[in-house]
Amino acid sequence: MEGEAAMSAFANMLEARGVTRRDFMKLCGTVAAAAGLSQLTVPQVAQALETSVIGATKGNLYPVIWVEGASCTGCTESFAQAQTPNAAEVVLDMISLNYSETLSAAAGYSMEEAKEQTIEAGDYILIYEGAIQEKWGGNALRVAGKPGTEHLIEAAKNANAVVALGSCAVNGGWMGAKPNVTDAMGVQQYLKKAGINVPVVNVPGCPANPEWLTSVLVDVVLMKLKPADLDLNSEGKPAGIFNQTIHDNCERRGHFENGEFVYEFGSEEEKKGYCLYPLGCRGPQTKSNCGVVMWNDRRSWCVQAGAPCIGCCEANPNDPGQNWVEVNTPFLKRHRSLHIGDWDVQPTTIAVGVTGLLAAALVVHGFGMKATGRMDGGADFEKKRAWDAKHPEKSVGTYEVSEAERQKMYKEDTGHDDPNATKEGR
């Protein structure tokens, strides 16, 4: 009876928010897929959501701190711009967002005090958005009179887990791209340097898809998984989301296999929805499930909208230099630019330049041959290779033999004259 009462209360909550049961189950399916779970687990996910949300209404909210580093707040905007009413809003009833510089209504001293109290109490998740700027003692970014690096250390050391949200937080993103004057890097790398051992879940993207964050919150908060039990890959990213390339699930992959490509925007091939690989699509090298989860409540995504993937989820948390901006620009070119000192150049430009130099060298060589008369038949060439002349039995080349030479060779081989010898041979 108690379970039925909880389900009834949850159903009333959905109805009050204008969310149908069907929409809610679709959300559960999305969460299961994002978490790398079988669709057979959807009822279990739904039950976990129902139980946790009903518990949250009775004061059992899970505290979350959301800190902004060097960022454009794009990931916050992505998460906050969910359509209303939306089933994902129900999930948000499970957390208490105790601190957020962008979303909090409070500001100044009262908000900083709320953060300090949450950190002191412990048992919370830290969501960190943006890059860490280490230069000048962390003073490249200051908040509330303290270096930005100090804010991260204070919030991370007592957290159950840290979610590095967005490519900037994973490995520096835009900030970590060359020339990286502020020594920007990702959360995981900085915490390791600072000696803080806390689980870090890396969720790249520029911005990150809100459903990816929802999936992590469901895993940690609702499914009662410890951060150490999460299914993360070698880069600390949720394996169910970031272990397959975009190309694996791309709706245009059939055209790729058939060799049907778009080489120019506005062409007939583009109208037919052919593969965008020649226009710089980074789908084959970028790991993410964008084509499955999509964006804007699963309405569309970059490639479906006609734009090549620019690889914004490509981020190595251990190397700021392998950020998606530096690796993938220029976006509409097939190859990345090569950095030679302060000079950036495309490989195709180098190839064209080398080809031009070779062509010029051949032209100069031709003029030289003409000037020396070697093209007029005046140059002498060996009639017979020196080796072949000294070693006729091992001759490499094939030569015309005079009748006299043939008769001589015949006599050396047989011991007598050739009866068919001609007068010339004799």
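This section describes the internal cavities of a predicted model and the surroundings of an annotated binding site.

The search for enclosed space in the predicted model yielded 2 cavities of 30 Å³ or more. The largest cavity has a volume of about 90 Å³, and the second largest has a volume of about 40 Å³. The lining of the largest cavity comprises 13 residues. Those that lie nearest its centre are His247, Cys250, Cys275, Leu276 and Cys281. Divided by class, this lining contains 9 nonpolar residues, together with 2 polar and 2 charged residues.

The second largest cavity is lined by Ala70, Tyr128, Ala131, Ile132, Gln133, Leu141, Gly148 and Thr149. Two or more of these lining residues are contributed by each of the elements β4 (132-133) and α7 (148-156). In terms of class, the lining of the second largest cavity consists of 5 nonpolar and 3 polar residues, with no charged residue. Charged side chains are thus absent from the lining of the second largest cavity, whereas the lining of the largest cavity includes 2 charged residues.

A separate set of positions is marked in the sequence record. An unreviewed UniProt entry assigns the feature "binding site" to Cys290, Cys309 and Cys312. These positions are spread over 23 residues of sequence, yet they cluster in space, the largest C-alpha distance being 10.7 Å.

Two of the annotated cysteines, Cys290 and Cys312, were examined individually. Cys290 belongs to helix α15, which spans residues 290-293. Cys290 has a relative accessibility of 8% and therefore counts as buried, since the cut-off for this class is under 20%. Beyond its neighbours within four places in sequence, Cys290 makes contact with Trp212, Ile246, Trp295 and Trp301. Among these contacts of Cys290 are the tryptophans Trp212, Trp295 and Trp301, alongside Ile246.

Cys312, by comparison, is located in the loop between α15 and α16 (324-328). Its relative accessible area is 18%, and Cys312 is therefore buried because that value also falls under the 20% limit. When residues up to four places away in sequence are not counted, Cys312 touches Ser167, Gly205, Cys206 and Trp324. The contacts of Cys312 thus include a further cysteine, Cys206, and Trp324, a residue within the range given for α16 (324-328).

Taken together, the annotated positions Cys290 and Cys312 are placed in a helix and in a loop, respectively, and buried in both cases, at 8% for Cys290 and 18% for Cys312.

Definitions and conventions: Residues numbered from 1 in each chain as written. Predicted model: local features only at pLDDT ≥ 70, side-chain atom pairs only at ≥ 80, totals over all residues. Heavy atoms only, no water. 1 Å grid on protein atoms, 1.4 Å probe; cavity = no way out; pocket = protein on both sides within 12 Å on 5 of 7 lines; lining within 4 Å. Points joined across faces, edges and corners; volume = space filled by probe spheres on them. Nonpolar A, V, L, I, M, F, W, Y, C, P; charged D, E, K, R; others polar. Helix = DSSP H or I, 4+ residues; strand = E, 2+ residues; numbered from the N terminus. UniProt positions renumbered as here; feature names shortened; annotations may be inferred. Buried < 20%, exposed > 50% of the residue type's maximum accessible area, 1.4 Å probe, protein only. Contact = heavy atoms within 4.5 Å.
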